[in-house]
Amino acid sequence: MAVLVDAVVVVSVVLALAVAPRVVARRSCVGRSVRWAVSPLVGLVVVTGAVFLNQVLFTVYVLRVHGGDASFVSGYLPAGWFDLATGSPVLRSLAKGFPAPSLLEPTVLRVQALLELPFVLLAFGTALRWLDAGLYGRVMRSALLPLAALSYTAVFCVVEWDLYNPYTVDDVVIRCVSAVLTPLLMRRMAARDAAEARPLTASGLLAFLGSLGALGVLILIVYDTALLYNLGRMDDRASLALAAAGTLALCRLAAARLPARSSPGPAVMFAGHALRRWLVLFFAPALAVRYGVTFGTPMLAAAAGLAVAVAAGLYALRDTLMGLREDSEIRSPLVLLGRLGWAAGAALAVAYAVVNLGRGGSYYETVLLQAAAASMVTAIAGCALTDAAGRRRASRCCTE
């Protein structure tokens, strides 16, 4: 199985590096007037609600048909699954009066197999739209979307087969159907989306990173409680979920109130280009790289992630140098590299500290999210500070 996961990692990265640059370079189409449009965030909320509804119905099924014992399925899966909320008075009352509970048998793994792909694709689409609405539309209408769907589904199916159980064949078929339907639906959603891109200023990037971090926390909570059938953990996660949702709302409100017109400095411009490039390049191989750490070869997954990051940085450097105005205080690429080096050094130091403080957690993604968020915020702040210092020096030189 590790060989198959590794193969998906390599193929996904190679294809992303070949396709993504052309998608970024493509011009945005002018959106046509439509009566209604659904953003990926709305779709994500709907899918998340369906995931939790399935958990409620699954709990009813287990209570009524299996007497509250999930061992009929939990024995096929690793530890960390099926911490059910069978002791909840509300769910026990619902189960008691539920008609024909045997009809809820598809809630056992099958519904999750249908919903997991749209959940992750809509989450990625939401983040991309927050950063650059025009780029979101181009990506969703490009070959990257079906490529991502195929890559994610291939990894899901390999892992499903490795954890073979009586529901595996059904799950694989359902995941393949979802891989066909989800890109079609998301492409249609993007085609009707008329959102406008906003300038990538330091404040805008910080608002985006805050939004991304809060969304990441919520996604991990959904995985931990719902997608792994651990509804019994929801009480412990509720306060964190409310805090993340509140943070997300504040960040999106702040992003909406930012000035529509602003001119970022060269280092901040680079940071914006790097985030745009990284999101597009990482779209297709994201899940393969994530599963490559646990089900494939960790070093290969790390190398793939590093290759994507390096490619994003090189493209961003080229984009920044091409976009500098003639009156910019940057007269040499070395000056820009110096600023970026200072910001990158500070970001790496912060990431190292966060990783060391967070060791021993139950999910490595939690520590990774914390380290990535802290390092990126530090990098953006460092870029803004170096740009401000450069402007002050340039101003003094002009007045002397």
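Which cysteine sulfur is closest to the sulfur of C176, and why is there no bond between them? In this predicted model, the closest one belongs to C157, and at 4.6 Å it is too far away for a bond. A disulfide would need the two sulfur atoms within 2.5 Å. The structure as a whole holds zero disulfides. C251 is likewise in no disulfide, its nearest cysteine sulfur being that of C383.

The table lists these two cysteines with their nearest cysteine sulfur.

| Cysteine | Nearest cysteine sulfur | Distance |
|---|---|---|
| C176 | C157 | 4.6 Å |
| C251 | C383 | 19 Å |

In terms of accessibility, C176 counts as partly exposed because its relative accessibility is 38%. C251, with a relative accessibility of 14%, counts as buried.

The chain has 15 helices and zero strands. Its radius of gyration is 23 Å, close to the 21 Å that the globule rule gives for 400 residues, so the chain is as compact as a globular protein of that length. The C-alpha trace spans about 85 × 45 × 40 Å along its principal axes.

Of the 400 residues in the chain, 48% are buried. Among contacts with a separation of 6 or more, 85% come from residues 24 or more positions apart.

At the surface, the chain exposes about 19,400 Å², and carbon and sulfur atoms supply 67% of this area. The chain carries 34 positive and 22 negative charges, and the mean positions of the two sets are 10 Å apart.

Technical notes
Residues numbered from 1 in each chain as written. Predicted model: local features only at pLDDT ≥ 70, side-chain atom pairs only at ≥ 80, totals over all residues. Heavy atoms only, no water. Helix = DSSP H or I, 4+ residues; strand = E, 2+ residues; numbered from the N terminus. Rg over C-alpha atoms; globule rule 2.2 N^0.38 Å. Buried < 20%, exposed > 50% of the residue type's maximum accessible area, 1.4 Å probe, protein only. Contact = heavy atoms within 4.5 Å. Areas by Shrake-Rupley, 256 points an atom, 1.4 Å probe, with all protein chains shown as cover. Lys, Arg positive; Asp, Glu negative; His and termini not counted. Charge placed at Lys NZ, Arg CZ, Asp CG, Glu CD.
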